[in-house]
Amino acid sequence: MREINKILVANRGEIALRVMRTIREMGMKCVAVYSEPDKNAPHVKYADEAYCLGPGPSNKSYLLGERIIEGCLQLNVDAIHPGYGFLSENATFARQVADANLIFIGPSPHSISIMGDKLAAKNAVSTYKIPMVPGTDQAILDIKEAKEKAASIGYPILIKASAGGGGKGMRIVKGEEEFEEQMKRAVSEAKSAFGNGAVFIEKYITSPKHIEIQVLADQHGNYVHLFERECSVQRRHQKVIEEAPSSVVSPSMREAMGTAAIDVAKACNYCGAGTVEFIVDEKLNFYFLEMNTRLQVEHPVTEMITGKDLVREQILIAEGQPLGFEQQDLHIRGHAIETRVYAEDPSNNFLPDIGTLSTYQLPQGPGIRVDDGFQEGMEIPIYYDPMIAKLVTYDEDRHKAIQKMIRAIDGFRITGISTTLPFARFVMLHPAFQSGKFDTNFVENHFTPDQLKQEFSEDELEILATIGASLIPAAQQNPSSMHNTSPNTTSKWTNRRRNG
Ligand code: ADP
């Protein structure tokens, strides 16, 4: 046991604030770090103390591990919470933190490095019976051999970067004639994005759902899972809307996925909060994709349905405390949905937008949670991820959580930049989403930018929402509606007002 009294949060924006709120609730002190353009950011104002890292670019500020450790030593910090992104999955940093006699709030460098490499992860879990997507378990070295393997798996296949993340370094290959070209592209993308060109092959699951399991493990060998999150609404293989629980996961499937996730965690002696990601095919077979050894962006939906504060659990585990509950103590109550509000233009291929938040007013009311790091009048810095906020709604069932999300989106006023809010509203009103029968191709199958251009009145929107809700039972009885539902009953609303 090592008591923690002061924590430095090695991150910025919404996640830095979210972590600090729990630190404060636990009666501990929090230290912010910041880059020069973030000098007046809310996370800096909120903290008890703040430490400047350097200029805007991440490699001159938030990625400077040694400088962050220096700050900890100067300010008598006990532990570092890395948030997500930046240094959160950097095994070298985690080791340097431990070498400086500080606590890294996360798993060991060993677990991080195994799970940070998709091939190493697959090999590590091979001693357990974890279902895997058919594919190669080694990096491709010989093209001829790789083509033979691809033919035996059957096209389409996916070439993936072993060190990949954030949906980068992935190439779909529809037939052998494209193999070499796509392989070259995947290797060069992997080299430039991750400094490691190792790629491997996986069967491309054509209509998959992305479903992941949250796990917690303490330093005493206790493991629990906190059920699933479904993150199938994605653009560029990156999540944009998530929910818990998933509408397709039955109690027996949940138990099987939970057990598999805990086995993955055991395979790398995991400690802390982590997420085991699975891809689920149309027949609801699930396959291990990877483990993320940190807090996920979408963790709030799990917090809402379980009533557990995951950051609090991370901190207690880092102190060496045993988990205060067992699997049988955990229950799903209600339904939660998260919309990531990105400074992106959904009507222009989700291209990042920059500018000033001239209006920024949050929705309010029961069952609404907003995790954000911005205020009205602030500029969106160009250096970092363009996520402004996470809008989470919680209610007793999925339909009510969707209705609440529509209301919350309507109450979220942002002008000055384009955001993904109009897209999220389109999704909430779409029969495919409402029925639960959608997959990771939702955007390609159902969304065209024109659908955001026309604005509806409040009354029309109410009627559309009612129509959508009435479709749920019918759609659930008809699995073929998963892909070809008509978008006619969906909203064409935008919150980018004419002056926005
Ligand atoms: P990253 O680490 O880059 O996020 P993942 O392996 O977690 O990569 O996959 C990200 C997304 O890519 C998944 O949620 C899914 O949409 C898609 N994907 C990954 N593997 C497959 C596969 N074998 N078949 C179909 N889609 C896949």
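How many of the residues of helix 10 are buried? Let me start there. This is a predicted model, by the way. In helix 10, residues 299-306, 8 of the 8 residues are buried, so the helix is largely enclosed by the rest of the structure. If you want to click through them, they are His 299, Pro 300, Val 301, Thr 302, Glu 303, Met 304, Ile 305 and Thr 306. And have a look just after helix 10, where Gly 307 takes a positive phi of about 75 degrees.

Okay, stepping back for a second. UniProt, in an unreviewed entry, places a feature called "domain: Biotin carboxylation" at residues 3-448. Over residues 3-448, the chain here comes out as 33% helix and 25% strand. The C-alpha atoms at the two ends of that stretch are 53 Å apart.

Now the ligand. There are 23 residues around it, and the closest are Lys 118, Gly 167, His 210, Gln 234 and Glu 290. Which strands feed into that shell with at least two residues each? You get strand 6 (157-161), strand 8 (199-203), strand 12 (272-280) and strand 13 (286-292).

On polar contacts, let me give you three. The side chain of Gln 234 has an N or O atom 2.7 Å from an oxygen atom of the ligand. With Lys 160 it's again the side chain, with an N or O atom 2.9 Å from a ligand oxygen. For Lys 203 it's the backbone: an N or O atom there lies 2.9 Å from a nitrogen atom of the ligand. As for how covered the ligand is, on its own it exposes 550 Å², and the protein buries 95% of that.

Next, some backbone oddities. We've got a cis peptide bond joining Tyr 155 and Pro 156, with omega at about 0 degrees. Pro 156 sits in the loop between helix 7 (143-153) and strand 6, and strand 6 is one of those ligand-shell strands I just mentioned. Another cis bond runs from Ala 244 to Pro 245, omega near -5 degrees. That proline, Pro 245, is in the loop between strand 11 (238-244) and helix 9 (251-267).

Then there are two asparagines with positive phi, although neither is a glycine. Asn 101 has a phi of about 65 degrees, and you'll find it in the loop between helix 4 (91-99) and strand 5 (103-104). Asn 269 has a phi of about 50 degrees, and its loop runs between helix 9 and strand 12. Buried or exposed? Asn 101 is exposed, at 55% relative accessible area, and Asn 269 is exposed too, at 57%.

Compare that with Asn 11, in the loop between strand 1 (6-9) and helix 1 (13-25). Why does Asn 11 count as buried? Because its relative accessibility is 3%, and the cut-off for buried is under 20%. A polar atom of the Asn 11 side chain lies 2.8 Å from the backbone oxygen of Tyr 84.

Last stop, the surface. Ile 354, Ile 382 and Tyr 383 make up a nonpolar patch, with about 320 Å² of accessible area together. Tyr 383 belongs to the loop between strand 18 (368-372) and strand 19 (387-395). With a relative accessible area of 39%, Tyr 383 counts as partly exposed. That's it from me, thanks!

How values were computed
Residues numbered from 1 in each chain as written. Predicted model: local features only at pLDDT ≥ 70, side-chain atom pairs only at ≥ 80, totals over all residues. Heavy atoms only, no water. Patch = residues over 30% accessible without salt bridge, like charges linked within 9 Å, V, L, I, M, F, W, Y side chains within 5 Å. Areas by Shrake-Rupley, 256 points an atom, 1.4 Å probe, with all protein chains shown as cover. Salt bridge = Lys/Arg side-chain N within 4 Å of Asp/Glu carboxyl O. Helix = DSSP H or I, 4+ residues; strand = E, 2+ residues; numbered from the N terminus. Buried < 20%, exposed > 50% of the residue type's maximum accessible area, 1.4 Å probe, protein only. UniProt positions renumbered as here; feature names shortened; annotations may be inferred. Near = heavy atom within 4 Å. Polar contact = N/O pair within 3.5 Å; in protein donor to acceptor, adjacent residues only side chain to side chain.
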